[in-house]
Amino acid sequence: AKHLRAPKVKVYVVGGFVRDALLGRETADIDLAVTGDALEIAAGLAKSLKGTFVLLDSENKVGRVVLAARKPDASQSTIDVSTIKDTLEDDLARRDFTIDAMALDFKEIAAGKTSANLIDPYGGFDDLDHSIVRCIREENLSADPVRLMRAVRLAVDLGFHIETKTKGQIRHSAALLVKVPGERVREEFIRLFNASRGGQFLFDLDDLGLLTVLIP
């Protein structure tokens with residue numbers, strides 16, 4: 001909070017952290033969207049928190065701060081910082097699913113307020129309440145096809161179901177998965193196995209036309 005107190009920079013907590021907080025789930029990772037230069041802010045955060053700065057995307061200005069585990073058996077935690085190009089609503093519109101397109105004003109949280117205004121332009125809270133994974137728009141899936149696998153992983157991990165229209169969009173875009181770098185596919189696969197409930201996700205991947213793209 002001390003590092004992010006610049007008056008002209010607006011900072012929002014977004015994505016999975018907000019989703020998991022509303023579900024009462026613990027998470028070690030935080031996503032921040034800022035109106036300033038995210039790379040500069042992330043590098044400063046890394047220095048302030050004695051973490052490691054990692055450049056994720058120079059063109060879109062996305063940086064990561066990796067923090068060492070506090071306990072021997074704990075995992076590292078990360079803070080991903082992205083630059084808001086236009087408005088916060090436009091930024092949220094480019095995200096994958098409605099339940100990941102909610103935001104909170106970081107400075108409200110840092111001020112110690114007991115409640116904060118939930119920014120939710122795409123009905124993520126309602127979908128969260130009804131256990132639904134819903135794509136914001138189909139082009140968001142094709143923009144980053146690893147999201148096709150992420151839909152299955154979120155559904156399995158949270159015990160949610162993928163909305164019918166979103167299933168159709170995933171089937172329509174399934175062939176795009178071949179464009180995803182192998183290491184990103186591997187990461188999603190490992191996370192799917194970790195979240196597995198008796199291997200049900202394999203049937204889900206197959207039903208959506210993803211399994212034969214992954215394993216021809």
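Rings of Phe, Tyr and Trp (its six-membered ring) pair if their centres lie within 6.5 Å; planes under 30 degrees apart count as stacked, over 60 as edge-to-face and the rest as tilted. The exercises below concern a predicted model, in which local features need pLDDT of at least 70 and side-chain atom pairs count only at pLDDT 80 or more, while totals for chains, interfaces and linings use all residues. Residues are numbered from 1 along each chain as its sequence is written, and side-chain values use heavy atoms, with hydrogens and water left out.

**Exercise 1. Aromatic rings**

Task: State how many aromatic pairs the structure holds, and classify the pair of Phe 193 and Phe 201.

Solution:
- The number of aromatic pairs is two.
- For Phe 193 and Phe 201, the centres are 5.0 Å apart and the planes make 80°, so the pair is edge-to-face.
- Phe 189, Phe 193 and Phe 201 belong to one aromatic cluster.
- Phe 201 has a relative accessible area of 1% and is therefore buried (under 20%; exposed is over 50%, partly exposed in between, with a 1.4 Å probe and protein chains only).

**Exercise 2. The open sheet**

Task: Give the strand order of the open sheet, then name its edge strands.

Solution:
- Helices (H or I, at least four residues) and strands (E, at least two) are DSSP runs numbered from the N terminus. Two strands pair if DSSP finds at least two bridges between them.
- Six strands make up the open sheet, ordered β3-β4-β5-β2-β1-β6, with mixed pairing.
- β3 and β6 are the edge strands, each pairing on one side only.
- On average, neighbouring strands are turned by 25° against each other, direction ignored. Axes are lines fitted to C-alpha atoms, for helices over the stretch in contact, and angles run from 0 to 180 degrees between N-to-C directions.
- Helix α1 (residues 16-23) packs on this sheet and touches β1, β2 and β6 (contact means heavy atoms within 4.5 Å). The direction of α1 makes about 60° with that of β1.

**Exercise 3. Strand β1**

Task: Sort the residues of β1 by the way they point, and find the bridge partners of Tyr 12 and Val 14.

Solution:
- In a regular strand the side chains alternate between the two faces of the sheet.
- In β1 (residues 11-14), Val 11 and Val 13 point one way, Tyr 12 and Val 14 the other, and all are buried.
- β1 pairs with β2 (residues 29-34) in the antiparallel sense over four bridges. Ala 33 in β2 is the bridge partner of Tyr 12.
- β1 also pairs with β6 (residues 103-105), again antiparallel, over three bridges. Ala 103 in β6 is the bridge partner of Val 14.

**Exercise 4. Val 81 and its surroundings**

Task: Locate Val 81 and list its contacts beyond four places in sequence.

Solution:
- Val 81 lies in strand β5 (residues 77-83).
- Val 81 is buried, at a relative accessible area of 1%.
- Outside its neighbours within four places in sequence, Val 81 contacts Leu 32, Val 34, Ala 38, Ile 41, Ala 42, Leu 45, Lys 61, Val 62 and Gly 63.
- Gly 63 is 18 residues away from Val 81 along the chain, and their C-alpha atoms are separated by 5.3 Å.

**Exercise 5. Two positive phi values**

Task: Place Lys 50 and Ser 131 in their loops, and decide whether each is buried, partly exposed or exposed.

Solution:
- Lys 50, not a glycine, has a positive phi near 60°. Its loop runs between α2 (38-48) and β3 (52-57).
- With a relative accessible area of 76%, Lys 50 is exposed.
- Ser 131 is likewise not a glycine and has a positive phi of about 60°. Its loop joins α5 (124-129) and β7 (132-133).
- Ser 131 has 26% relative accessibility and counts as partly exposed.

**Exercise 6. Packing of α7 and α9**

Task: Classify the arrangement of α7 and α9 and divide the contact residues by character.

Solution:
- α7 (residues 146-158) and α9 (residues 182-195) pack at about 10°, their axes 9 Å apart.
- α7 is therefore roughly parallel to α9 (under 35 degrees; over 145 is roughly antiparallel, 65 to 115 roughly perpendicular and the rest oblique).
- Among the contact residues are Val 146 and Met 149 of α7, and Phe 189 and Leu 192 of α9.
- The contact residues divide into eight nonpolar, no polar and six charged. Ala, Val, Leu, Ile, Met, Phe, Trp, Tyr, Cys and Pro count as nonpolar, Asp, Glu, Lys and Arg as charged, and the others, Gly among them, as polar.
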